[in-house]
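Me: I would like to go through this structure slowly, one question at a time, with each term explained when it first comes up.

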Amino acid sequence: MAAPTLDLITIGRCSLDLYGQQIGGRLEDMGSFSKAIGGCPANIAVGTARLGLKSALLTRVGDEQVGRFILEQLAREGVDTTAVVTDRERLTALVILGVRDSHTFPLIFYRDNCADMALCEDDVDEAFIASAGAVVVTGTHFARAGTAAAQHKAIRFARAHGRRVIFDVDYRPNLWGLAGHDAGEARYIRSDTVTAHLAPVLAQCDLIVGTEEELHVAGGSEDTLEAIRAIRAKSSAVIVCKRGPMGCVVFPDAIPDSLDDGVRGPGFPVEVYNVLGAGDSFMSGFLRGWLRGEPLETCCAYANACGAFAVSRLLCSPEIPTFPELQYFLANGSPHRALRHDQAINHIHWATTRPASPPGIMALAIDHRVQLEAVAREVGAPFERISDFKVLAVQAAARVADGRPGFGMFIDGRYGREALFRAADHKLWIARPVELTASRPLDFEYGGSLGTHLIEWPTSQVIKCLCFYHPDDPEELRLRQERELARVHDACRTLGRDLLIEIIAGKHGVLADDTIPRVIQRIYDIGIKPDWWKLEPQKSATAWSAISEAVTRNDSYCRGVLVLGLEAPFADLIESFRACADVPVVKGFAVGRTIHIEPARAWLAGKISDAEAVDRMAERFANLAAAWTDARRAKAA
């Protein structure tokens, strides 16, 4: 028998969750929502992938934008989507959720004839089931004949191939027709019918997991021990009883006289912010241990900790920790009962779940505003033409990139609105400035709330902030600039956006070997950890070495440093590339005026055509890209 290539396959519900963002409000009063993948099996697939297991999901989604979002997000999370069927007749399921208070979490299921409830036996492939070490079946999908048949078929295949069967009771009374549409929050209604329906499943399982109420319905008794004994009478499975803030207790063999006599792990008291999704996070943690053969006590520790993360955060699948995050928490704990306020943990969470980025970036920077205004003024061209020129720059960058990853652009929103649209067409890496041009002290292009403006920006755009900062600036100036940098950092982390901080120190003081390293260290010291740095060329290898050491010492998750151009001559840029090509944290360059300022002057003056402007910029950008590649290759030789 071939060894499994997957650790587990989860089967069943898959939806789009829309979470109300106004904590303490009624669903009727919500003004905005956050979206995420939802549904118990989908959440577990994501959670186990984050924790290092090879997971897959067997379900259906609609042939529409929501279904495509789910497929794309599953792929980003590392979940195998081979068995996710695109249903061209039905829509993806939808759930709307909220947090009313610490005990009330209203939710509405929109699941009438939804895609995942059309899962059928034809969707279950024997070879695919055999490719996993375990299958996870869920209670909700036993509530309808077609989906129940699909899960029973998967169980038969799993057992025939010696794979393990895991049952998450996942009891939602209104999805069994026992409560109304407005009772999505209800977790328990006694039903002998449901108990009888689930009884045949229990005997076929190797692991059964549920809350006390879920085990009540599975075992047919509202006395927890009696219910667990009833389950044991039908099944030799390991039984896990989730007990909320008390953690969990596990029964691998005979059922003792007290719940407290089962196998237990450490509990983690935290503030309860939202219980929705906590069980799926718990299950992900437990499976990370159980499927890797860890002792049950370790499985419980993983599970309880993952559950603690979930109840302390708002969403479901996006809040499940990654394995590095879990390891950090188990080793270090947290001074915060509300884990969402722990900045160290939050940074690990963000850095290990943020969208992937190319390992290196070669960028054409066209985010200049006052510089191009000066050129337009010089040749008597209207400022409106700057926008058209930036679209030509996108054409040049796209030509050089030719569909290859690792090419990007810096584009502003003032004159680059259309250019931003067109750059997205070519799937270029995009950074967009937030600072008011040439401001010192730092100010922003937009007044009022920074977050209000940034929320309108596409999530794929990196937020770039240039700060003219020298470590020997007057204290009042430094503190003001640091406050503004902290504002943009907080906005980026709250909204889930990459942040690139550009530092130019040489225009306002001596650029010594330790100047930029001192700036970097100070910014880290005040709690700011950008995803990217953009720095001016350095005069010595000593400076670059100190920069690399400062970044790696303070943030091992930093994506890297891009070298800027400052309108330097081409030959000088080549030398600056050679000086840093072997520095580990330097990942590329972002050059603008060396590429575009001369073509801009000629084009705005009407001396060259659109095609000629594109040709000139493309040639210069291609030459710089080749020079950077050659410099890296020469250093590696």
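Me: Is His349 buried or exposed?
Reply: This is a predicted model, in which local features need pLDDT of at least 70 and side-chain atom pairs count only at pLDDT 80 or more, while totals for chains, interfaces and linings use all residues. Residues are numbered from 1 along each chain as its sequence is written, and side-chain values use heavy atoms, with hydrogens and water left out. Buried means under 20% relative accessible area, exposed over 50%, and partly exposed in between, with a 1.4 Å probe and protein chains only. Because the relative accessible area of His349 is 10%, His349 is buried.

Me: With the side chains of which residues does the side chain of His349 make polar contacts?
Reply: A polar contact is a pair of N or O atoms within 3.5 Å, where within protein one must be able to donate a hydrogen and the other to accept it, and residues adjacent in sequence count only if both atoms are side-chain atoms. One such contact, of 3.3 Å, links the side chain of His349 to that of Arg313. Another, of 2.7 Å, links the side chain of His349 to that of Glu325. The names asked for are therefore, by that definition, Arg313 and Glu325.

Me: Which strands stand at the edges of the open sheet?
Reply: Strands (E, at least two residues) and helices (H or I, at least four) are DSSP runs numbered from the N terminus, and two strands pair if DSSP finds at least two bridges between them. In the open sheet, 4 strands follow the order 3-2-6-7 with mixed pairing. Each edge strand has a single partner, so one side of it is left without a neighbour in the sheet, and these strands are strand 3 (33-38) and strand 7 (107-110).

Me: How many bridges join strand 2 to strand 3?
Reply: Strand 2 covers residues 15-20 and runs antiparallel to strand 3. Within these strands, Leu16 stands opposite Ile37. The number of bridges that join strand 2 to strand 3 is 6.

Me: Within what arc do the buried residues of helix 19 fall?
Reply: Helix 19 (residues 570-580) has as its buried residues Leu573, Ile574, Ser576, Phe577 and Cys580. The arc is that of the directions from the helix axis to the C-beta atoms. Seen down the axis, these residues line one face of helix 19, because they fall within an arc of 165 degrees.
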